[in-house]
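The exercises below are meant to be worked through with the sequence and the 3D structure open side by side. Try each task before reading its solution.

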Amino acid sequence: MTPSPESELAELRMANQIAANFRHHPDDQAAAEVANHLRSFWTPWMLERLERLVDSGGEGLDPLVVRAAALLATPAA
Amino acid sequence: MTLLREPDRGTPSAPGPETVTLEIDGIPVSVPEGTSVMRAAALAGTDVPKLCATDSLAAFGSCRLCLVEIDGQRGTPASCTTPVAAGMRVSTQTPRLDRLRRGVMELYISDHPLDCLTCPANGDCELQDMAGAVGLREVRYGYAGANHLDAAKDTSNPYFEFDPAKCIVCSRCVRACDDIQGTLALTIEGRGFGSKVAPGPTDFLGSECVSCGACVQACPTSTLQEKAVVLSGTPRRTVLTTCAYCGVGCSFKAELNGEQVVRMVPYKDGGANEGHSCVKGRFAWGYATHPDRITTPMIREHFTDPWRPVSWEEAISHTARRLQEIQERHGGAAIGAITSSRCTNEEVFAVQKMVRAAFGNNNVDTCARVCHSPTGFGLKSTFGTSAGTQDFKSVDAADVIMVIGANPTDAHPVFASRMKRRLRAGAKLIVVDPRRIDLVRTPHIEASYHLQLMPGTNVAVLNAMAHTILAEGLANRAFVAERCEADAFEVWERFILDPANSPEALEVVTGVPAAAVRAAARLYAAGPNSAIYYGLGVTEHSQGSTAVMGMANLAMLTGNIGRDGVGVNPLRGQNNVQGSCDMGSFPHELSGYRHVADAAVREQFESEWGHPVLDRPGLRIPNMFDAAIDGAFRGLFVQGEDVAQSDPNLQHVVAALSSLELLVVQDLFENETAKFAHVFLPGTSFLEKDGTFINAERRINRVRPVMPPRTGKSEWEVVCEIATAMGYPMSWGSASEIMDEVARLTPTFAGVSFDKLDRVGSVQWPCNETAPLGTPVMHVGKFVRGLGHFMETPFVPTDERSTSRYPLLLTTGRILTQYNVGAQTRRTANQVWHHEDILDVHPHDAEDRGITEGDLVYVASRVGRIQLHARISERMPQGVVYTTFHHPISGTNVVTTENSDWATNCPEYKVTAVQVQLVPPAPAPEKGAEAVAPAEPVPVAGA
């Protein structure tokens with residue numbers, strides 16, 4: 001089933017909000033913290049939808065989220 | 001048990017460190033210095049006759065009945081106001097005392113109706129008892145003279161009546177209102193013979209009285225009497241149990257005739273409330289037997305179909321089969337459950353186990369998601385565990401109390417009374433709240449500082465306070481060096497000293513003058529004991545978790561943690577918010593706040609349960625709704641919650657619930673959520689439950705059944721039967737066995753059992769080998785995580801801003817007489833005080849819009865529009881409006897939005913940009929809710 005635009009927006013909004021709360025740190029650290037937060041609290045279904053958003057060009061996504069999403073592909077430290 | 005009569009030793013205990021030995025009627029007795037002779041006599045086994053004295057109130061010395069003789073002293077002093085002295089020899093019974101007491105009683109009885117046999121207090125009347133105790137046999141004065149016997153009764157209060165003809169003007173009611181409740185609603189009006197108790201120049205209902213019932217409890221006669229006692233007679237047996245309303249968790253004596261509750265009397269030995277109560281706990285329990293209760297399971301194919309009552313067997317097999325079918329078609333993760341903070345720990349634990357073992361996923365969340373989930377995140381990150389740090393009693397030792405985002409006099413009234421006692425005794429108060437809550441200025445209490453910030457700026461204010469404390473050299477660096485992580489503190493110190501965090505830089509954002517923030521910060525830092533109490537005005541924000549961490553930073557910075565009188569204390573909304581979180585009903589955590597990714601923890605559960613536990617988090621409540629609309633989530637079990645009234649952006653919630661193939665609701669009533677359900681499983685009220693609740697101070701209290709379940713089954717039994725029917729055999733022999741399993745699996749509960757609770761009353765977790773009787777104050781000596789961790793708390797403004805189209809900010813909350821979605825309190829006489837949700841508007845905002853008191857207005861946000869009656873209120877700052885969400889017909893959450901806390905998804909109920917406009921007067925529209933766009937009405941109107 002195609003994800004509804006409304007719920008796609010939810011992941012985008014929530015991920016950007018998480019990024020905004022880690023932005024005070026240097027980019028590498030912030031991206032790792034965003035990834036760690038997503039890994040700790042987001043269910044696989046949400047992470048998959050985020051991944052699809054990134055894969056489709058990441059329009060509207062905070063660049064920190066895009067960097068964090070790349071880190072999610074690797075196991076947590 | 002038979003009727004439990006608690007001993008009344010006449011005056012409060014004295015906590016003096018020195019012991020004094022004296023002799024009473026020839027019997028030696030040793031008591032703490034400062035104890036009254038009356039109390040010492042009671043402890044020695046002699047009850048001195050008394051009327052105006054009771055041990056919940058300071059001695060008053062007015063009734064002259066408790067006279068004693070003391071060797072070497074002239075006269076007959078009142079034993080209640082006379083302190084003990086070493087070597088004192090007291091006689092409580094002499095011919096002279098007998099004569100004096102009979103004379104006093106004769107005067108009382110000469111102006112008292114002699115209707116004992118038909119009086120509601122017959123057999124439960126101290127005046128009657130004392131007449132007997134002093135041997136009164138005649139009244140020589142007759143009844144022809146002036147008297148009060150024709151004084152009119154005041155029956156205006158729905159729960160109790162006031163019969164001044166029976167009043168002996170002992171002032172116990174007035175003193176209870178003043179000293180215990182702290183409302184000061186009652187007074188003695190007039191002088192001499194004309195003296196009478198009065199609730200001001202009005203009746204009780206129209207007065208300042210908050211109906212806590214302390215006056216009724218204190219009354220030694222039948223002057224103030226529960227109407228239930230008038231109707232049913234005095235009760236004959238007692239069951240000790242715990243209130244099912246707010247997170248204070250008051251202990252009550254349920255007093256019964258057979259299985260009929262006559263009254264609820266707060267229990268003096270209750271650790272949380274120590275004999276006090278509020279209008280909800282004491283009086284608003286009638287919903288348990290309300291005719292709206294559903295006691296038979298029901299099913300239907302589609303939520304628009306009529307319900308079909310079925311047997312438990314059919315309901316359970318139907319539910320299990322439908323859930324399995326969904327999983328077969330859409331995958332294992334397509335179903336989940338929501339647990340309720342209104343249910344017991346045992347019921348909650350059963351549901352989360354059903355999800356993790358029978359459903360085979362982690363899609364379980366609890367209603368704390370929408371209230372205190374940021375508390376869990378914030379306090380765990382900084383201190384190491386997800387709970388408040390103190391017991392309630394700790395506030396007695398506080399010198400400075402900071403109340404932020406909480407309105408305890410409405411939402412946690414019994415704790416508020418305790419806090420107000422401390423404030424009247426001299427503790428200083430800082431209130432951080434957009435509204436001028438009652439505590440800001442109330443009889444004998446005035447906040448030193450009211451930081452009236454704009455909604456959404458808690459983090460900015462907390463950062464500015466921390467900045468001030470550090471910049472002005474007020475930090476407790478010794479505490480920080482000894483108790484906190486040095487590296488994290490250094491990073492945080494650099495962050496917080498940035499000029500961007502100064503009060504001057506932030507005042508344009510917060511609306512709070514920098515000088516006031518600095519002064520409040522200095523007061524908090526000066527303490528010496530400073531305590532923070534907070535509520536949903538902190539957590540229900542886009543930075544709720546950040547604000548919790550900000551408060552923890554402040555406490556660590558000033559060393560205000562790890563002893564009495566200090567700490568960071570969440571005031572939990574519902575009775576078992578703490579417990580439902582403790583029990584592992586968050587999708588990422590097993591019981592005791594241990595992440596599902598922790599293999600060692602999972603292994604423990606897998607070994608106990610004989611079933612694998614997934615290592616990835618499940619869906620949180622808002623995510624469940626998103627997934628339902630998306631089609632990935634198809635089946636939901638809702639235990640005792642009403643998400644279709646309580647959760648934000650109701651249009652979205654309704655769309656989600658309508659999308660489900662199977663919605664199972666377990667509840668007392670057919671609530672708003674049940675309107676979209678396919679299965680209704682009748683639940684049990686707190687009077688039928690056997691289990692435990694955990695209050696905001698981590699106190700585990702027993703909930704004991706007062707009557708058998710009206711549904712024939714405990715809720716946890718129903719859950720077990722569904723799990724078993726799904727192929728995962730799940731059973732316990734009793735609720736006690738569930739707690740035993742919790743104790744086996746949860747280190748902080750290792751020492752908890754029903755047996756222990758029945759023996760010692762209650763314990764506060766952690767309760768284990770190290771602390772077998774529990775832990776009233778946490779983080780003593782070291783933090784749960786070892787060293788405290790300062791967290792950087794950058795202020796990130798919410799996306800929800802006022803605009804030209806929506807220029808006001810709406811904040812929502814609660815009121816004293818109603819509770820949460822009102823499912824319980826709306827089915828009681830509490831309706832008399834708050835029968836609809838009202839919009840509070842600042843006079844200038846009202847004037848700008850042509851709104852006057854009582855006008856019907858539209859409240860519109862970008863997601864919906866509702867109608868409410870307006871109240872012009874200077875409690876509100878200009879630009880901010882306020883309402884409650886207790887009535888479904890109001891549809892308050894039609895206008896709240898999808899915004900949520902960045903870390904936990906706790907909804908941002910406290911900030912919604914709205915416009916308020918007068919509803920055109922004619923033709924008068926139906927009051928209720930409607931959606932703005934698309935023009936699809938949200939089905940909450942007319943409920």
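**Exercise 1. Describe how strand 33 of chain B is joined to strand 36 of chain B, and how enclosed strand 36 of chain B is.**

Step 1. Strand 33 (residues 856-860) of chain B and strand 36 of chain B run antiparallel and are joined by 4 bridges, where strands are DSSP runs of E with at least two residues, helices are runs of H or I with at least four residues, both are numbered from the N terminus, and two strands pair if DSSP finds at least two bridges between them. Val857(B) has Leu918(B) as its bridge partner in strand 36 of chain B.

Step 2. Strand 31 (residues 808-813) of chain B also runs antiparallel to strand 36 of chain B, with 3 bridges between them, and here Leu809(B) is partnered by Ala913(B).

Step 3. Because 5 of the 7 residues of strand 36 (residues 912-918) of chain B are buried, this strand is largely enclosed by the rest of the structure; buried means under 20% relative accessible area, exposed over 50%, and partly exposed in between, with a 1.4 Å probe and protein chains only.

Before going on, note that this is a predicted model, in which local features need pLDDT of at least 70 and side-chain atom pairs count only at pLDDT 80 or more, while totals for chains, interfaces and linings use all residues. Residues are numbered from 1 along each chain as its sequence is written, chains are lettered from A and ligands numbered from 1 in the order in which they are written, and side-chain values use heavy atoms, with hydrogens and water left out.

**Exercise 2. Work out the surroundings of strand 29 of chain B.**

Step 1. Strand 29 (residues 699-703) of chain B is mostly covered, with 5 of its 5 residues buried. Arg699(B), Asn701(B) and Val703(B) point one way, whereas Ile700(B) and Arg702(B) point the other way.

Step 2. Strand 28 (residues 691-694) of chain B pairs with strand 29 of chain B in the antiparallel sense over 4 bridges, and Ile694(B) stands opposite Ile700(B). The two strands form a hairpin with 4 residues between them, and Arg698(B) in the turn has a positive phi of about 65°.

Step 3. Strand 30 (residues 762-764) of chain B pairs with strand 29 of chain B, again in the antiparallel sense, over 3 bridges, and Gln764(B) is the bridge partner of Arg699(B).

**Exercise 3. Characterise the interface between chain B and chain A.**

Step 1. Contact, meaning heavy atoms within 4.5 Å, involves 31 residues of chain B and 27 residues of chain A.

Step 2. The chains bury about 2300 Å² between them, 55% of it on carbon and sulfur atoms; buried area is the accessible area (1.4 Å probe) that two parts lose on being put together, summed over both.

Step 3. The count is 1 salt bridge, a side-chain nitrogen of Lys or Arg within 4 Å of a carboxyl oxygen of Asp or Glu. Asp630(B) and Arg49(A) meet in a salt bridge at 3.0 Å, N to O.

**Exercise 4. Judge the confidence of chain A.**

Step 1. Chain A averages a pLDDT of 88, and 84% of the residues score at least 70; pLDDT is the predictor's confidence in each residue, from 0 to 100.

Step 2. Over residues 1-6 of chain A, pLDDT stays under 50. Where pLDDT is low, the predicted coordinates should not be read in detail.
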